[in-house]
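Work through the exercises below with the sequence and the structure at hand. A worked solution follows each task.

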Amino acid sequence: MKTAKLGDLEVGCIGLGAMGMSMAYTGHGSDDDESIRTVQRALDLGVTLIDTAEVYGPYVNEELIGRAIRGRRDEVVLTTKFGLISHTGREGADSAPESVRTAVEGSLRRLGVDHIDLYYQHRVDPGTPIEETIGAVADLVAAGKVRHIGLSEAWTDTIRRAHATHPITALQSEYSLFTRDQEEILPLLRGLGIGLVPYSPLGRGFLTGQIRSVEDFADDDMRKSNPRFVGEAFARNLALADEVQAVAAEAGATAAQVALAWVLSKGPDVAPIPGTKRVARLEENVGADAVELTAYQLRRLDELPAPEGEHHTADQMRLIER
């Protein structure tokens, strides 16, 4: 597999998001053995960036990843996140220094490791200055418990202030053919030497072309309330997914591979983390590394209209800086 550079951290250019193994999507948590096989197959294929968070489950996803990487720790660039579970009793995205210190100890214990390679603030905490939060994580770097610091869904001012406190290695935010706003911030990231880790690079599965009805989702599947999967927005967005499928037919690839290849084309400092809990889907996603889209195909994808609907619910959007 080709590699990507996130700051001075080198990773396989395609990572693995583990959230759906434990929450949010239909069938989550139904087959931990298959999820573990998926993580281990990812390592076999050169995937190094494995992404989890304390809030996934909560907690059980970190435990699952800890079991999956046991005996293979040296093959993994292990990432997790703090800030959506309060350890101080505060509501909201709690990133107070005392909460950070408690969070990291729990994550290390559940993952069964002595350090985290890339530790993200999951969402910006409006109640704690970013300098205080990053200072607390910098103390963890000095203590050897964390190697690199990341942010998630932060915007320009926060990124600059955080980076001035301690070098930031990566920004993890949603980015795909369906969600393009990160293109506004890429010049800033590159000027600071910060990599981009896109989550939901397949538009929560929409871009695979496999989703034709929300009736296929369980009631607790997060997509049932996502604005892009509701009513008329769903029908319009199906048409966009069909356009991706048409390019895929030309390219001799699957729609998922084309959507990921488009993300990879944005630069060697971009490392998407498509999520899956199935070995077959993982192998399909990793195959995107070998897909070479023509200039015409890339332009055709670039020119797709914006999808209908926000990429998160209104409550979730309040936690996203823009």
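**Exercise 1. Count the positive and negative side chains of the protein chain and find how far apart the centres of the two sets lie.**

Step 1. Take Lys and Arg as positive and Asp and Glu as negative, leaving out His and the chain ends. Each charge is placed at NZ of Lys, CZ of Arg, CG of Asp or CD of Glu.

Step 2. The count gives 34 positive and 49 negative side chains. The centres of the two sets are 2 Å apart.

Before going on, note that the model is predicted: local features need pLDDT of at least 70, side-chain atom pairs count only at pLDDT 80 or more, and totals for chains, interfaces and linings use all residues. Residues are numbered from 1 along each chain as its sequence is written, and side-chain values use heavy atoms, with hydrogens and water left out.

**Exercise 2. Compare the radius of gyration of the protein chain with that of a compact globule.**

Step 1. The radius is taken over C-alpha atoms, and the globule rule is 2.2 Å times the number of residues to the power 0.38.

Step 2. For 322 residues the rule gives a value near 20 Å; the chain has 19 Å, so the two agree.

Step 3. The C-alpha trace spans about 50 × 40 × 40 Å along its principal axes. Of the 322 residues, 57% are buried, where buried means under 20% relative accessible area, exposed over 50%, and partly exposed in between (1.4 Å probe, protein chains only).

**Exercise 3. Describe the cover of helix α8 and name the elements that its buried residues pack against.**

Step 1. Helices (H or I, at least four residues) and strands (E, at least two) are DSSP runs, numbered from the N terminus. The chain has 11 helices and nine strands.

Step 2. Helix α8 covers residues 255-264, and 10 of its 10 residues are buried. Among them are Gln257 and Trp262.

Step 3. With contact meaning heavy atoms within 4.5 Å, the buried residues of α8 pack against β9 (195-199), α7 (231-251), α9 (279-286) and α10 (295-302).

**Exercise 4. Examine serine 200, arginine 204 and threonine 208 in the loop between β9 and α7.**

Step 1. Serine 200 counts as buried because its relative accessibility is 15%. Arginine 204 is buried at 8%, and threonine 208 at 16%.

Step 2. Neither of two residues with positive phi is a glycine: serine 200 has about 50 degrees and arginine 204 about 55 degrees.

Step 3. Leaving out residues up to four places away in sequence, serine 200 touches Tyr25, Glu174, Tyr175 and Ser176. On the same basis, threonine 208 touches Leu202, Gln245, Ala255 and Ala256; Ala255 and Ala256 belong to α8.

Step 4. A polar contact is a pair of N or O atoms within 3.5 Å; within protein, one must be able to donate a hydrogen and the other to accept it, and residues adjacent in sequence count only if both atoms are side-chain atoms. The side chain of threonine 208 reaches the backbone oxygen of glycine 205 at 2.7 Å and the backbone nitrogen of glutamine 210 at 3.2 Å.

**Exercise 5. Locate serine 22 and find the partner of its side chain.**

Step 1. Serine 22 sits in the loop between β3 (16-17) and α1 (32-44). Its relative accessibility is 13%, so serine 22 counts as buried.

Step 2. Valine 60 is 38 residues from serine 22 in sequence, yet their C-alpha atoms are 6.9 Å apart.

Step 3. The side chain of serine 22 makes a polar contact with that of asparagine 61 at 2.9 Å.
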